[in-house]
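Colleague: I have some labels to check against their cut-offs. Show me the model, and I will ask how each one is earned.

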Amino acid sequence: MDFALTPEQRDLRERVIRFARDELGAKAAEHDRDESFDRDGWKACAEFGVLGWPVPAEYGGSGHDPLTTIIACEALGYGCADNGLAFAVDNHLWACVIYLLRHGSPQQRARFLPGLVDGTLIGAHALTEPETGSDMLSLTTTAQRDGDAYVIDGAKCFISNGTVADLYVLFARTARSGPAQQALSAFLLPRDTPGLEVRRAISKAGLRGTPMGELRLTGCRLPAENLLGAEGAGYRVFTSVIEWERGFMAAGQVGRLQRLLETSVAYANDRTQFGVPIGAFQAVSHRLADLRVNLELARLMLYKVGWLKREGRIALLEASILKLFAGESLLEGALAAMRVHGARGYVADLPIEREVRDALAAPTFGGTSDIQRTIIAGLTGLPEGSHGA
Ligand SMILES: Cc1cc2nc3c(=O)[nH]c(=O)nc-3n(C[C@H](O)[C@H](O)[C@H](O)COP(=O)(O)OP(=O)(O)OC[C@H]3O[C@@H](n4cnc5c(N)ncnc54)[C@H](O)[C@@H]3O)c2cc1C
């Protein structure tokens, strides 16, 4: 077993951190305040190659292997002060691009991947509905075959990148009866499809640089060639990709944990009370020791997921463990950073309060922590639970 990064991975990591610090995040507070999408930052990410890290060269990407990609994503999360922008990139890559890479036909890949890599197209993932969250098999959006098209009706909510996206990976019900696992299908839905309406932007507590939207589909006529995978294979498509989404989105969270730790250690060494640096108080130092423990453990599981995917192996259990642990650790770590900074952690002069708001949703999106525990329990031999969304 070798835990060392290769010289190429170390070099990529350093270049990504430099890029993210120098070219991204300068207006993070502004994008947070205005809930605005950083188009310049998006363009810079595209030009640096971020949007093509996991994509083969024939579509304009750099074709990094999964472990190298995870190391690069971690570096982006660490270096980019605008968590909203980084989350928009994560959703684009790990909830849209990855579907094309895993299940797109050669025609679909050729049609969409170059634009998704050069940043002219923004990707999103449209699964959740007003009445359907964790229980994805109960979703009610329908797609009915009509000649050479599907007619889609329904509503989607909480869609990250929803208001700015050009392409949605959408899940809908194509069968009214039969086994629930064979009733759903996945589609590639371009923004300009007649009958698709982006209804409203949803305001939220954190990650405010990632615009969130709500979709309404009314007699939305989508050519059948936009079916992703086979009809009725939607659940299989979802479960085969979800380990990528859960595993790889955690990379940025591990990077953010490292940033929170370093910021907090620097503050604890600098700030004095009772004549000594506050880091000398065990209450403070142990809080940061716990953060360090969580960071190191999350990173170990992160790299294991990257290694498993590089080896072409299943990582469903590991991705759920990582999703659960990294998400909860990020929230705990952000709150620890806030406590260490005292009042300065709470007021908006420093970015710590924004880090806390940005961390609040980590145990929810991509499948809640409760759902991850259910999956882990099922894969540990306990009675099977839903794999949920
Ligand atoms: C920041 C953010 C970004 C998001 N981006 C997207 C996106 O891009 N695309 C998209 O489709 N969706 C997105 N979502 C929606 C997200 O996937 C859902 O919020 C998530 O699946 C949970 O669904 P829900 O919110 O309806 O909660 P519910 O499913 O209603 O759950 C509510 C509570 O009940 C618990 N619960 C539910 N079922 C069980 C169970 N079986 N066992 C134990 N506990 C259970 C949950 O853990 C939770 O605590 C996003 C959400 C957030 C917060």
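Colleague: What makes the pair formed by serine 134 and the ligand a polar contact?

Modeller: This is a predicted model. In it, a polar side-chain atom of serine 134 lies 2.6 Å from an oxygen atom of the ligand. The cut-off for a pair of N or O atoms is within 3.5 Å, so the pair counts.

Colleague: Which atoms pair up at aspartate 370?

Modeller: An N or O atom in the aspartate 370 side chain and an oxygen atom of the ligand, 2.6 Å apart. That is a polar contact by the 3.5 Å limit.

Colleague: And which part of histidine 125 is used, backbone or side chain?

Modeller: The backbone. One of its polar atoms is 2.7 Å from a nitrogen atom of the ligand.

Colleague: How many residues surround the ligand, and which are the closest?

Modeller: There are 18 around the ligand. The closest are His125, Thr128, Ser134, Thr368 and Asp370. To be counted, a residue needs a heavy atom within 4 Å.

Colleague: On to the helices. Why are H7 and H8 called roughly antiparallel?

Modeller: H7 spans residues 234-270 and H8 residues 282-310. They pack at an angle of about 155°, with axes 9 Å apart. Angles over 145 degrees count as roughly antiparallel, so the label fits H7 and H8. Their crossing is left-handed. By class, their contact has 16 nonpolar, 3 polar and 4 charged residues.

Colleague: Why does H5 get that label against H6?

Modeller: H5 (residues 83-103) and H6 (residues 106-118) pack at about 150°, with their axes 10 Å apart. The angle is over 145 degrees, so H5 is roughly antiparallel to H6. H5 passes H6 in a left-handed crossing.

Colleague: Which residues of H5 and H6 meet?

Modeller: From H5, His92, Val97, Leu100, Leu101 and His103. From H6, Gln108, Arg109, Phe112, Leu113 and Leu116. This contact divides into 6 nonpolar, 3 polar and 1 charged.

Colleague: Where do H9 and H12 touch?

Modeller: Leu317, Ser320, Ile321, Lys323, Leu324 and Glu328 in H9 meet Ser369, Gln372, Arg373, Ile375 and Ile376 in H12. The residues of this contact are 5 nonpolar, 3 polar and 3 charged.

Colleague: How do the axes of H9 and H12 cross?

Modeller: H9 covers residues 316-340 and H12 residues 369-378. Their axes come within 9 Å and cross at roughly 150°. H9 passes H12 in a left-handed crossing.

How values were computed:
Residues are numbered from 1 along each chain as its sequence is written. This is a predicted model: local features need pLDDT of at least 70, side-chain atom pairs count only at pLDDT 80 or more; totals for chains, interfaces and linings use all residues. Side-chain values use heavy atoms; hydrogens and water are left out. Axes are lines fitted to C-alpha atoms, for helices over the stretch in contact, and angles run from 0 to 180 degrees between N-to-C directions. Helices (H or I, at least four residues) and strands (E, at least two) are DSSP runs, numbered from the N terminus. A crossing is left-handed if the near helix is turned anticlockwise from the far one by less than a right angle, and right-handed if clockwise. Contact means heavy atoms within 4.5 Å. Ala, Val, Leu, Ile, Met, Phe, Trp, Tyr, Cys and Pro count as nonpolar, Asp, Glu, Lys and Arg as charged, and the others, Gly among them, as polar. Angles under 35 degrees count as roughly parallel, over 145 as roughly antiparallel, 65 to 115 as roughly perpendicular and the rest as oblique. A polar contact is a pair of N or O atoms within 3.5 Å; within protein, one must be able to donate a hydrogen and the other to accept it, and residues adjacent in sequence count only if both atoms are side-chain atoms.
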